[in-house]
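Thank you all for coming; I would like to take a few minutes to walk you through one structure. Please have a look at it on the screen before I begin.

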Amino acid sequence: MSPDRFLTLGIETSCDETAVSILHRETELLASLVYSQAEIHAQYGGVVPEVASRNHVVKLPLLVDQALKKASIQVDDLSLIASTYGPGLVGPLLVGLSHGKGMAFGLGVPFIGVNHLEGHIFAHRLAEPDATPPFMALVVSGGHTSLIDVPQYGEYQLVGMTVDDAAGEALDKIGKMMGIGYPAGAEIDRLAMLGDPKIVRFPRPMIGSPGFDFSFSGLKTSVVYHLRKHPREKQEDIAASVLASVVEILTKKSINATRRFHRKRLVISGGVAANLHLREALAKAGGEHGISVHFPPRSLCTDNAAMIAAAGAFRHRILGEQHPLSLRPEPGMGLGLDGN
Ligand code: KG4
Ligand code: ZN
(Lines give C-alpha, C1' and ligand atoms only; values in the text may rest on other atoms or scores of the structure.)
(Ligands and ions follow the chains in the order given, each with its own letter.)
Protein backbone atom coordinates (compact mmCIF):
# COMPACT_ATOMS: atom_id res chain seq x y z
CA MET A 1 0.00 0.00 0.00
CA SER A 2 1.35 3.46 -0.83
CA PRO A 3 2.70 5.20 2.30
CA ASP A 4 0.41 8.22 1.88
CA ARG A 5 -2.69 6.05 1.70
CA PHE A 6 -4.94 6.88 4.65
CA LEU A 7 -8.36 5.31 5.02
CA THR A 8 -10.92 6.41 7.60
CA LEU A 9 -14.02 4.39 8.46
CA GLY A 10 -16.84 6.74 9.52
CA ILE A 11 -19.79 5.59 11.66
CA GLU A 12 -22.96 7.62 12.33
CA THR A 13 -25.76 6.36 14.61
CA SER A 14 -26.85 9.45 16.57
CA CYS A 15 -30.53 9.21 15.62
CA ASP A 16 -32.45 6.96 13.21
CA GLU A 17 -29.97 6.68 10.32
CA THR A 18 -27.40 3.89 10.42
CA ALA A 19 -24.54 5.13 8.25
CA VAL A 20 -21.03 3.95 7.36
CA SER A 21 -18.46 5.53 5.06
CA ILE A 22 -14.91 5.05 3.87
CA LEU A 23 -12.83 8.09 3.09
CA HIS A 24 -9.37 8.28 1.51
CA ARG A 25 -7.15 11.01 3.00
CA GLU A 26 -9.47 13.93 3.80
CA THR A 27 -11.96 14.42 1.02
CA GLU A 28 -11.93 11.45 -1.36
CA LEU A 29 -15.07 9.47 -0.63
CA LEU A 30 -14.82 5.75 -1.52
CA ALA A 31 -18.12 4.59 0.00
CA SER A 32 -21.04 6.17 1.85
CA LEU A 33 -23.98 3.99 2.84
CA VAL A 34 -27.05 5.16 4.74
CA TYR A 35 -29.81 2.93 6.02
CA SER A 36 -32.75 5.07 7.11
CA GLN A 37 -35.04 3.64 9.77
CA ALA A 38 -37.68 6.31 9.02
CA GLU A 39 -40.24 3.74 7.85
CA ILE A 40 -39.89 1.75 11.07
CA HIS A 41 -40.44 4.85 13.22
CA ALA A 42 -43.23 6.22 11.00
CA GLN A 43 -45.76 3.92 12.68
CA TYR A 44 -45.00 5.63 16.03
CA GLY A 45 -45.08 9.15 14.55
CA GLY A 46 -41.47 9.86 15.60
CA VAL A 47 -38.17 8.25 16.58
CA VAL A 48 -38.37 5.68 19.41
CA PRO A 49 -34.84 5.61 20.88
CA GLU A 50 -34.86 1.97 22.00
CA VAL A 51 -36.16 0.80 18.62
CA ALA A 52 -33.46 2.90 16.90
CA SER A 53 -30.70 1.34 19.07
CA ARG A 54 -31.85 -2.20 18.32
CA ASN A 55 -31.92 -1.56 14.59
CA HIS A 56 -28.46 0.04 14.67
CA VAL A 57 -27.12 -3.10 16.39
CA VAL A 58 -28.46 -5.29 13.58
CA LYS A 59 -27.64 -3.03 10.62
CA LEU A 60 -24.27 -1.54 11.52
CA PRO A 61 -22.01 -4.61 11.06
CA LEU A 62 -23.73 -5.40 7.74
CA LEU A 63 -23.16 -1.86 6.48
CA VAL A 64 -19.48 -1.96 7.52
CA ASP A 65 -19.00 -5.11 5.40
CA GLN A 66 -20.84 -3.57 2.45
CA ALA A 67 -18.83 -0.34 2.67
CA LEU A 68 -15.51 -2.26 2.66
CA LYS A 69 -16.66 -4.17 -0.43
CA LYS A 70 -17.84 -1.00 -2.15
CA ALA A 71 -14.48 0.67 -1.51
CA SER A 72 -12.64 -2.51 -2.61
CA ILE A 73 -10.52 -2.63 0.54
CA GLN A 74 -9.92 -5.09 3.38
CA VAL A 75 -10.75 -4.28 6.98
CA ASP A 76 -7.06 -4.21 7.95
CA ASP A 77 -6.37 -1.53 5.31
CA LEU A 78 -8.16 0.95 7.60
CA SER A 79 -6.01 3.65 9.22
CA LEU A 80 -8.52 5.37 11.53
CA ILE A 81 -12.01 4.77 12.94
CA ALA A 82 -14.30 7.77 13.51
CA SER A 83 -17.69 7.48 15.27
CA THR A 84 -20.18 10.17 16.23
CA TYR A 85 -20.22 10.49 20.05
CA GLY A 86 -22.72 13.37 20.43
CA PRO A 87 -25.06 15.18 20.36
CA GLY A 88 -27.87 12.68 19.85
CA LEU A 89 -29.80 9.88 21.52
CA VAL A 90 -27.68 8.12 24.11
CA GLY A 91 -28.60 4.52 23.21
CA PRO A 92 -28.10 4.95 19.44
CA LEU A 93 -24.83 6.86 20.05
CA LEU A 94 -23.58 4.06 22.27
CA VAL A 95 -24.06 1.49 19.49
CA GLY A 96 -21.91 3.34 16.92
CA LEU A 97 -19.35 4.44 19.49
CA SER A 98 -18.88 0.93 20.92
CA HIS A 99 -18.66 -0.62 17.47
CA GLY A 100 -16.06 1.95 16.36
CA LYS A 101 -13.97 1.59 19.51
CA GLY A 102 -14.13 -2.20 19.25
CA MET A 103 -12.90 -2.12 15.66
CA ALA A 104 -10.08 0.33 16.50
CA PHE A 105 -8.97 -1.88 19.39
CA GLY A 106 -9.14 -5.04 17.30
CA LEU A 107 -7.24 -3.51 14.37
CA GLY A 108 -4.75 -1.59 16.51
CA VAL A 109 -5.56 1.74 14.79
CA PRO A 110 -6.41 5.12 16.35
CA PHE A 111 -9.98 6.03 17.24
CA ILE A 112 -11.60 9.46 17.15
CA GLY A 113 -15.04 10.54 18.38
CA VAL A 114 -16.75 13.16 16.21
CA ASN A 115 -19.18 15.91 17.19
CA HIS A 116 -22.23 15.44 14.93
CA LEU A 117 -22.61 19.21 14.43
CA GLU A 118 -18.99 19.54 13.33
CA GLY A 119 -19.76 16.65 10.98
CA HIS A 120 -22.58 18.62 9.34
CA ILE A 121 -20.14 21.50 8.73
CA PHE A 122 -17.69 19.07 7.07
CA ALA A 123 -20.34 18.17 4.47
CA HIS A 124 -19.22 21.45 2.88
CA ARG A 125 -15.55 20.39 2.89
CA LEU A 126 -16.47 17.19 1.06
CA ALA A 127 -18.63 19.04 -1.45
CA GLU A 128 -16.19 21.89 -2.06
CA PRO A 129 -12.72 21.05 -0.68
CA ASP A 130 -11.22 24.28 -2.02
CA ALA A 131 -13.89 26.63 -0.56
CA THR A 132 -12.13 26.92 2.81
CA PRO A 133 -13.33 28.95 5.86
CA PRO A 134 -14.05 31.58 7.06
CA PHE A 135 -17.81 31.23 6.66
CA MET A 136 -21.06 31.22 8.60
CA ALA A 137 -22.78 27.82 8.88
CA LEU A 138 -26.47 27.10 9.39
CA VAL A 139 -27.12 23.52 10.54
CA VAL A 140 -30.85 22.97 10.22
CA SER A 141 -32.37 19.52 10.67
CA GLY A 142 -34.82 17.50 12.75
CA GLY A 143 -32.49 17.79 15.73
CA HIS A 144 -30.76 21.15 15.29
CA THR A 145 -31.17 24.74 14.21
CA SER A 146 -27.81 26.36 14.89
CA LEU A 147 -25.83 29.24 13.43
CA ILE A 148 -22.11 28.65 13.82
CA ASP A 149 -19.31 31.00 12.84
CA VAL A 150 -16.35 29.09 11.37
CA PRO A 151 -13.13 31.17 11.20
CA GLN A 152 -11.31 27.93 10.31
CA TYR A 153 -12.08 24.22 10.45
CA GLY A 154 -11.79 23.04 14.05
CA GLU A 155 -12.67 26.48 15.48
CA TYR A 156 -16.32 27.28 16.09
CA GLN A 157 -18.40 29.96 17.70
CA LEU A 158 -22.03 29.21 18.34
CA VAL A 159 -23.84 32.36 17.25
CA GLY A 160 -27.45 31.27 17.81
CA MET A 161 -29.63 28.21 18.20
CA THR A 162 -33.24 27.25 18.71
CA VAL A 163 -34.59 27.88 22.18
CA ASP A 164 -37.26 25.18 21.73
CA ASP A 165 -37.98 22.97 18.68
CA ALA A 166 -35.60 22.51 15.75
CA ALA A 167 -37.04 23.70 12.41
CA GLY A 168 -37.33 20.14 11.03
CA GLU A 169 -38.86 18.92 14.29
CA ALA A 170 -41.53 21.67 14.05
CA LEU A 171 -42.25 20.71 10.42
CA ASP A 172 -42.53 17.04 11.42
CA LYS A 173 -44.95 17.86 14.29
CA ILE A 174 -47.03 20.17 12.07
CA GLY A 175 -47.07 17.44 9.41
CA LYS A 176 -48.40 14.98 11.99
CA MET A 177 -51.28 17.36 12.80
CA MET A 178 -51.98 17.68 9.09
CA GLY A 179 -52.10 13.89 8.73
CA ILE A 180 -48.83 13.64 6.78
CA GLY A 181 -46.53 10.70 7.60
CA TYR A 182 -43.22 10.97 9.46
CA PRO A 183 -40.88 12.68 8.58
CA ALA A 184 -43.02 15.40 7.00
CA GLY A 185 -40.51 18.02 5.78
CA ALA A 186 -40.14 16.75 2.22
CA GLU A 187 -43.92 16.31 1.79
CA ILE A 188 -44.61 19.81 3.16
CA ASP A 189 -42.02 21.07 0.66
CA ARG A 190 -43.85 19.28 -2.18
CA LEU A 191 -47.35 20.40 -1.10
CA ALA A 192 -46.15 23.98 -0.69
CA MET A 193 -45.23 24.11 -4.40
CA LEU A 194 -48.94 23.77 -5.17
CA GLY A 195 -50.22 26.15 -2.49
CA ASP A 196 -50.60 29.87 -1.86
CA PRO A 197 -48.30 31.13 0.94
CA LYS A 198 -50.47 34.21 1.47
CA ILE A 199 -53.61 32.32 2.53
CA VAL A 200 -52.65 32.26 6.22
CA ARG A 201 -50.20 34.64 7.89
CA PHE A 202 -48.61 32.41 10.54
CA PRO A 203 -46.36 34.12 13.11
CA ARG A 204 -42.60 34.50 12.64
CA PRO A 205 -41.46 33.96 16.28
CA MET A 206 -38.34 35.88 17.35
CA ILE A 207 -37.73 37.18 13.84
CA GLY A 208 -37.06 40.70 15.07
CA SER A 209 -35.44 39.79 18.39
CA PRO A 210 -31.86 40.88 19.01
CA GLY A 211 -29.32 38.08 18.59
CA PHE A 212 -29.56 35.01 16.43
CA ASP A 213 -31.60 32.51 18.42
CA PHE A 214 -34.63 30.81 16.87
CA SER A 215 -37.99 29.63 18.16
CA PHE A 216 -40.45 27.39 16.31
CA SER A 217 -42.82 26.04 18.96
CA GLY A 218 -45.13 29.10 18.78
CA LEU A 219 -45.59 28.51 15.06
CA LYS A 220 -46.61 24.93 15.80
CA THR A 221 -49.20 26.06 18.36
CA SER A 222 -50.60 28.63 15.98
CA VAL A 223 -51.02 25.95 13.29
CA VAL A 224 -52.91 23.73 15.79
CA TYR A 225 -55.40 26.53 16.52
CA HIS A 226 -55.76 27.37 12.86
CA LEU A 227 -56.45 23.75 11.89
CA ARG A 228 -59.08 23.44 14.63
CA LYS A 229 -60.85 26.56 13.37
CA HIS A 230 -60.48 25.82 9.66
CA PRO A 231 -60.46 22.03 9.29
CA ARG A 232 -61.26 22.24 5.57
CA GLU A 233 -58.41 24.56 4.58
CA LYS A 234 -56.43 23.15 1.63
CA GLN A 235 -53.32 21.23 2.79
CA GLU A 236 -51.29 22.85 0.00
CA ASP A 237 -52.10 26.36 1.31
CA ILE A 238 -51.31 25.43 4.92
CA ALA A 239 -48.00 23.87 3.82
CA ALA A 240 -47.09 26.94 1.75
CA SER A 241 -48.02 29.32 4.58
CA VAL A 242 -46.08 27.31 7.20
CA LEU A 243 -43.00 27.15 5.00
CA ALA A 244 -43.23 30.87 4.26
CA SER A 245 -42.83 31.48 8.00
CA VAL A 246 -39.99 28.96 8.53
CA VAL A 247 -38.10 30.08 5.42
CA GLU A 248 -38.40 33.79 6.27
CA ILE A 249 -37.08 33.23 9.81
CA LEU A 250 -34.15 31.05 8.69
CA THR A 251 -33.24 33.36 5.83
CA LYS A 252 -33.36 36.60 7.79
CA LYS A 253 -31.40 35.33 10.80
CA SER A 254 -28.73 33.56 8.72
CA ILE A 255 -28.12 36.50 6.41
CA ASN A 256 -28.01 38.92 9.36
CA ALA A 257 -25.54 36.70 11.23
CA THR A 258 -23.32 36.34 8.15
CA ARG A 259 -23.23 40.12 7.74
CA ARG A 260 -22.69 40.81 11.46
CA PHE A 261 -19.65 38.50 11.47
CA HIS A 262 -18.38 40.04 8.22
CA ARG A 263 -18.42 36.72 6.40
CA LYS A 264 -18.84 36.52 2.64
CA ARG A 265 -20.03 32.92 2.58
CA LEU A 266 -22.96 31.07 4.14
CA VAL A 267 -22.97 27.26 4.24
CA ILE A 268 -26.23 25.38 4.88
CA SER A 269 -26.43 21.76 6.03
CA GLY A 270 -28.85 19.32 7.70
CA GLY A 271 -32.03 17.71 6.34
CA VAL A 272 -34.02 20.95 6.05
CA ALA A 273 -31.31 22.28 3.70
CA ALA A 274 -32.95 20.03 1.09
CA ASN A 275 -35.94 22.40 1.10
CA LEU A 276 -36.35 24.02 -2.29
CA HIS A 277 -38.12 27.13 -0.93
CA LEU A 278 -35.29 27.71 1.53
CA ARG A 279 -32.66 27.23 -1.18
CA GLU A 280 -34.35 29.74 -3.42
CA ALA A 281 -34.93 32.35 -0.69
CA LEU A 282 -31.38 32.12 0.66
CA ALA A 283 -29.77 32.26 -2.77
CA LYS A 284 -31.82 35.39 -3.55
CA ALA A 285 -31.12 37.11 -0.21
CA GLY A 286 -27.43 36.17 -0.47
CA GLY A 287 -27.27 37.74 -3.94
CA GLU A 288 -28.77 40.98 -2.60
CA HIS A 289 -26.13 41.23 0.15
CA GLY A 290 -23.02 39.99 -1.71
CA ILE A 291 -22.98 36.68 0.20
CA SER A 292 -22.39 33.41 -1.64
CA VAL A 293 -24.69 30.71 -0.33
CA HIS A 294 -23.55 27.05 -0.48
CA PHE A 295 -25.71 23.95 -0.18
CA PRO A 296 -23.89 20.61 -0.24
CA PRO A 297 -25.73 17.91 -2.25
CA ARG A 298 -28.74 16.48 -0.44
CA SER A 299 -27.00 13.15 0.29
CA LEU A 300 -24.38 15.06 2.32
CA CYS A 301 -26.95 17.38 3.99
CA THR A 302 -29.06 14.68 5.64
CA ASP A 303 -27.43 12.49 8.28
CA ASN A 304 -24.59 10.44 6.78
CA ALA A 305 -21.22 9.00 7.79
CA ALA A 306 -19.17 10.66 5.02
CA MET A 307 -19.27 13.94 6.96
CA ILE A 308 -18.26 12.09 10.15
CA ALA A 309 -15.23 10.48 8.48
CA ALA A 310 -14.27 13.88 6.98
CA ALA A 311 -14.39 15.63 10.37
CA GLY A 312 -12.55 12.72 12.06
CA ALA A 313 -9.82 12.56 9.39
CA PHE A 314 -9.29 16.32 9.66
CA ARG A 315 -9.03 16.26 13.45
CA HIS A 316 -6.62 13.33 13.40
CA ARG A 317 -4.44 14.21 10.44
CA ILE A 318 -4.34 18.01 10.69
CA LEU A 319 -4.88 18.63 14.41
CA GLY A 320 -3.14 15.42 15.56
CA GLU A 321 -6.04 14.33 17.78
CA GLN A 322 -7.33 10.95 18.85
CA HIS A 323 -9.52 9.76 21.71
CA PRO A 324 -8.95 7.08 24.32
CA LEU A 325 -11.17 4.00 24.10
CA SER A 326 -12.77 5.13 27.38
CA LEU A 327 -14.62 7.90 25.44
CA ARG A 328 -18.30 7.97 26.42
CA PRO A 329 -21.34 9.24 24.51
CA GLU A 330 -22.17 12.93 25.06
CA PRO A 331 -25.89 13.18 24.17
CA GLY A 332 -26.15 16.91 24.99
CA MET A 333 -22.82 18.16 23.67
CA GLY A 334 -22.72 21.49 21.84
CA LEU A 335 -20.15 23.02 19.54
CA GLY A 336 -18.09 25.75 21.14
CA LEU A 337 -14.74 27.43 20.58
CA ASP A 338 -12.84 24.32 21.61
CA GLY A 339 -14.96 22.08 19.42
CA ASN A 340 -16.82 20.70 22.42
O1 KG4 B 1 -30.38 15.87 8.96
P2 KG4 B 1 -31.56 14.94 9.04
O3 KG4 B 1 -31.62 13.81 8.06
O4 KG4 B 1 -31.63 14.27 10.45
C5 KG4 B 1 -31.53 14.97 11.65
O6 KG4 B 1 -30.38 15.16 12.15
O7 KG4 B 1 -32.61 15.40 12.13
O8 KG4 B 1 -32.88 15.86 8.96
C9 KG4 B 1 -34.17 15.32 8.99
C10 KG4 B 1 -35.15 16.47 9.00
C11 KG4 B 1 -36.59 16.04 9.24
O12 KG4 B 1 -37.16 16.90 10.20
C13 KG4 B 1 -37.26 16.22 7.86
O14 KG4 B 1 -38.64 16.51 7.97
C15 KG4 B 1 -36.48 17.39 7.31
O16 KG4 B 1 -35.13 17.15 7.73
N17 KG4 B 1 -36.51 17.46 5.85
C18 KG4 B 1 -37.04 18.52 5.17
C19 KG4 B 1 -36.92 18.22 3.80
N20 KG4 B 1 -36.34 16.98 3.68
C21 KG4 B 1 -36.09 16.55 4.95
N22 KG4 B 1 -37.57 19.66 5.61
C23 KG4 B 1 -38.02 20.54 4.69
N24 KG4 B 1 -37.96 20.32 3.36
C25 KG4 B 1 -37.42 19.19 2.86
N26 KG4 B 1 -37.36 18.99 1.54
ZN1 ZN C 1 -27.90 15.69 11.83
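Which residues are the protein donors of the zinc ion, ligand 2? Before I reply, let me say that what you see is a predicted model, so please take what follows in that light. The zinc ion is held by three protein donors, namely His116 through NE2, His120 through NE2, and Asp303 through OD, and these lie 2.1 to 2.2 Å from the ion. Along the chain, these donors of the zinc ion follow the spacing H-x3-H-x182-D.

Let me stay with the two histidines for a moment. Histidine 116 and histidine 120 both belong to helix 4, which covers residues 116-127, and because they are four residues apart there, about one helical turn separates them. Both histidine 116 and histidine 120 are buried. As for the geometry, the site of the zinc ion is irregular, with angles of 86 to 142° among its four donor atoms. The upper end of that range goes beyond the 135 degrees that a tetrahedral site would allow.

I now turn to the aromatic residues, where the structure holds five aromatic pairs. One of them joins phenylalanine 122 to tyrosine 153 in a tilted arrangement, with 4.6 Å from centre to centre and 35° between the planes. Phenylalanine 122 lies in helix 4, whereas tyrosine 153 sits in the loop between strand 7 (145-152) and strand 8 (155-161), so this pair ties together parts that are 31 residues apart in sequence. Both phenylalanine 122 and tyrosine 153 are buried.

Phenylalanine 122 also forms a tilted aromatic pair with phenylalanine 314, and here the centres are 5.3 Å apart and the planes are at 50°. Since phenylalanine 314 is in helix 11 (residues 306-317) and phenylalanine 122 is in helix 4, this pair ties together parts that are 192 residues apart in sequence. Why do we call phenylalanine 122 buried? Its relative accessibility is 0%, and phenylalanine 314, at 7% relative accessibility, counts as buried too. Taken together, Phe122, Phe135, Tyr153 and Phe314 form one aromatic cluster.

Finally, I would point out two places where a charged residue meets a ring. Lysine 59 lies over the face of tyrosine 35, at 4.5 Å from the ring centre, while the charged end of arginine 317 sits over the ring of phenylalanine 6, 4.8 Å from its centre.

Key: Residues numbered from 1 in each chain as written. Chains lettered and ligands numbered in written order. Predicted model: local features only at pLDDT ≥ 70, side-chain atom pairs only at ≥ 80, totals over all residues. Heavy atoms only, no water. Donors = N, O, S within 2.8 Å, 3.2 Å for Na, K, Ca; no water. Tetrahedral: all angles 85-135°; square planar, octahedral: opposite > 155°, others 65-115°. Buried < 20%, exposed > 50% of the residue type's maximum accessible area, 1.4 Å probe, protein only. Phe/Tyr/Trp six-rings, centres within 6.5 Å; stacked < 30°, edge-to-face > 60°. Lys NZ or Arg CZ within 6 Å of the ring centre and 35° of its normal.
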